[in-house]
Amino acid sequence: MEVQIMNELVNKHDLETALQQEIASGGGFGRLLKFDANTSKYTIDKNEVPLGRKFIVHIPQYARGWVLFRDKRPVEYKIHKITEGKPPDREELDSAIADSDDDGWVYQRYLPLEDYDTSELITFVSKSTGAKIALENLIQAYMMGRHRGGLPIISSAISNFRTREYGWKSRPDFKLIGWTSENSTAPEIDPEEGPPPPADGDPGYDLLNLSR
């Protein structure tokens, strides 16, 4: 896929504006991609998504924060993109039933994706520990390879992790398989040594710290 075509698609969809408008209006994030650890399946609109589906990841639009649910429906968002810094702490959120055991606030993560073949915009969403692991791994892979230029291309997969209460559980996994563009002038990186240290003021290396 040509870089010029990709740039036109990104500009056309204007993902950042769309997400901000949806948050402001109290709506959703378009079609949602979810992972069920009990069935080890990805779904969109309750329809199973086959493994190996390829997506372009809009890493700069990754967002996380709090969503207030009432009757199983989201009614308020306190979501920040990774470029906007940390979302508010739980103690900063107002709630009409703040003294109850279940006040309705849920911490969720949103990863905007673009279908590699159709250009459809989809958002992966999850509140699970398994998804947190998958997203942190993806961000680390992005940090290691961002010298290539462009956006990461992933393939949906499944992995597992150990829990204290339930033993091994399945989790989503995003296999990095390529980039939307390759920078042929980028320096080679030894996989054992990793990338060189960041320059002063380089915001990219603060990415993981902002997600915690």
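Modeller: Two strands pair if DSSP finds at least two bridges between them. Keep in mind too that this is a predicted model.

Colleague: Fine by me. How many helices and strands are there in the chain?
Modeller: Read along the sequence, the pattern goes α-α-β-β-β-β-β-β-β-β-α-β-β-α. Count up the letters and the chain comes to four helices and ten strands.

Colleague: Which residue in β9 stands opposite F55?
Modeller: Start with the strands: β4 and β9, residues 152–163, pair in the antiparallel sense over three bridges. Within that pairing, the residue of β9 opposite F55 is I154.

Colleague: And on the β7 side, what stands opposite F55?
Modeller: β4 also pairs with β7, again in the antiparallel sense and over three bridges. F55 therefore has a listed partner in β9, I154, and another one in β7. That partner in β7 is D115.

Colleague: What separation do the C-alpha atoms of T118 and F55 have?
Modeller: T118 belongs to the loop between β7 and β8. Along the chain, T118 and F55 are 63 residues apart. In space, their C-alpha atoms are separated by 9.6 Å.

Colleague: Is T118 buried or exposed?
Modeller: The cut-off for exposed is over 50% relative accessible area. T118 has 54% relative accessibility, so T118 counts as exposed.

Colleague: S119 is in that loop as well; is S119 buried or exposed?
Modeller: S119 is indeed found between β7 (105–115) and β8 (121–126), and has a positive phi of about 70° although not a glycine. Buried means under 20% relative accessible area. The value for S119 is 14%, so S119 is buried.

Colleague: D71 has a positive phi too; what is the angle?
Modeller: D71 is found in the loop between β5 (63–70) and β6 (73–81). D71 has 75% relative accessibility, so this residue counts as exposed. D71 is not a glycine, yet its phi is positive, at about 55°.

Colleague: Let's go to the hairpins. Which residue in the turn between β1 and β2 has a positive phi?
Modeller: β1 and β2 pair in the antiparallel sense over four bridges, with L33 opposite I44. The two strands form a hairpin with four residues between them. The turn residue with a positive phi, of about 60°, is S40.

Colleague: And in the β2 and β3 hairpin, which turn residue has a positive phi?
Modeller: β2 pairs with β3, residues 47–49, in the antiparallel sense over three bridges, and V49 is the bridge partner of Y42. Two residues sit between these strands. With a positive phi of about 55°, the turn residue is D45.

Colleague: Which residues make up the covered face of β2?
Modeller: This strand has one face covered and one uncovered. K41 and T43 are on the uncovered face. The covered face is left to Y42 and I44.

Colleague: Now the inside. Which element gives the most to the largest nonpolar core?
Modeller: That core has 24 residues, and L33, V57, L111, L113, F124, I154 and F174 have the most contacts inside it. The elements giving two or more residues are β1 (32–36), β2 (41–44), β4 (54–57), β7, β8, α3 and β10 (167–179). With seven residues, the top contributor is α3.

Colleague: What length does α3 reach from its first C-alpha to its last?
Modeller: α3 covers residues 129–145, so 17 residues in all, and at 1.5 Å a residue the expected span is 24 Å. Its buried residues include A131, L135, L138, I139 and Y142. The model comes close to the expected span, with α3 reaching 25 Å.

Colleague: Which residue of α3 does F124 touch?
Modeller: Leaving out residues up to four places away in sequence, the contacts of F124 include L33, F35, L111, L113, P172 and F174. α3 runs over residues 129–145. The contact of F124 that falls in this range is A131.

Colleague: Last one: what percentage of the chain's residues count as buried?
Modeller: The chain exposes about 12600 Å², and carbon and sulfur atoms supply 47% of that area. Going by residue instead, the chain has 212 residues, and the share that counts as buried is 40%.

Notes: Residues are numbered from 1 along each chain as its sequence is written. This is a predicted model: local features need pLDDT of at least 70, side-chain atom pairs count only at pLDDT 80 or more; totals for chains, interfaces and linings use all residues. Side-chain values use heavy atoms; hydrogens and water are left out. Buried means under 20% relative accessible area, exposed over 50%, partly exposed in between (1.4 Å probe, protein chains only). A nonpolar core is a set of buried Ala, Val, Leu, Ile, Met, Phe, Trp, Tyr and Cys residues joined through side-chain atoms within 4.5 Å. Contact means heavy atoms within 4.5 Å. Accessible areas come from the Shrake-Rupley method with a 1.4 Å probe; for residues, only the protein chains shown count as cover.
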